[in-house]
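Thank you all for making time; I would like to walk you through one model this morning, starting with its ligand site and then turning to how its domains meet. Please have a look at it first.

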Amino acid sequence: MLEAVGRIVIFLALAFVVLIALALIVCALALHTKRILFPNFLLFVTSVLYEPLRRLLSFFHVDPTLIDRVSIEIRNLLNYTEFSATKMEERVLLLPQCIRSTECPAKLSPLDGIHCMECGKCAISELSTICKELGIRMYISPGGTFAGRILMHSRPKAVIGVACYPNLHEGMLNAKLMGVPAQGVPLTTTGCVNTTVDREEIIRRCKLLQISK
Ligand code: SF4
């Protein structure tokens, strides 16, 4: 009996190691080739084994955010068809307040977040102008919980979310639960204020499929 239990434990441990190794290989391939094989499998594995995978990468001195980057890309890929079928005016760009300058003069509305005055002191100014040109509604959220409130208020058919990795994971999951296809763009530097973003990438996500329409 004990021998049988021992074999089962060894088998499960080996299966665990093989699964982690497979996930890491597919992640590395995805980043290298820009093509994601078995996205649903990979998303499942990276979600279930999120912490062990990150620790393993750190142990081998590999940047652990590789897991975050891949899983955001998978979510973007899985949401692509539904997202790109929406019209520009049905989309919402949701930004975090940490992008703002410390001298930001914008005021907070309890209903729909911070109203940018396009003062030019941070990247939001340009994004606001482009969103107006495209017909996309732009919101600045003072926090993760508030972001949900903004989505309830604005009722978009698609959302482009910008945030740090943990907030992006949570936000994209919440958007999925609300039935709103999301495209996520991680911050390029994180923190509480003066964080930076990849403006070109945000604009590219906002415009998805407009070219082929
Ligand atoms: S551009 Fe908008 S968000 Fe940025 S600092 Fe000025 S008012 Fe604030």
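The space taken by the ligand is the largest cavity in this model, where a cavity is, on a 1 Å grid over the protein atoms alone, a set of points where a 1.4 Å probe fits but cannot get out, and a molecule sits in one if more than half of its atoms lie within 2 Å of its grid points. I should say early that the model is predicted, with local features needing pLDDT of at least 70 and side-chain atom pairs counting only at pLDDT 80 or more, while totals for chains, interfaces and linings use all residues. Residues are numbered from 1 along each chain as its sequence is written, and side-chain values use heavy atoms, leaving out hydrogens and water.

Around the ligand, with a heavy atom within 4 Å of it, are residues including Cys104, Cys116, Cys119 and Cys122, together with Arg100 and Glu118. By class, this shell has seven nonpolar, three polar and two charged residues, with Cys counted as nonpolar and Gly as polar.

Turning to the domains, an automatic or database assignment divides the chain into domain 1 (2-80) and domain 2 (86-206). Their contact, meaning heavy atoms within 4.5 Å, takes 11 residues from domain 1 and 10 residues from domain 2.

Which side chains meet in a salt bridge? Those of Arg205 and Glu73 do, at 3.5 Å, N to O, the term requiring a side-chain nitrogen of Lys or Arg within 4 Å of a carboxyl oxygen of Asp or Glu.

Terms used: On a 1 Å grid over the protein atoms alone, a cavity is a set of points where a 1.4 Å probe fits but cannot get out, and a pocket is an open set with protein on both sides within 12 Å along at least five of seven lines; lining residues have an atom within 4 Å of a point.
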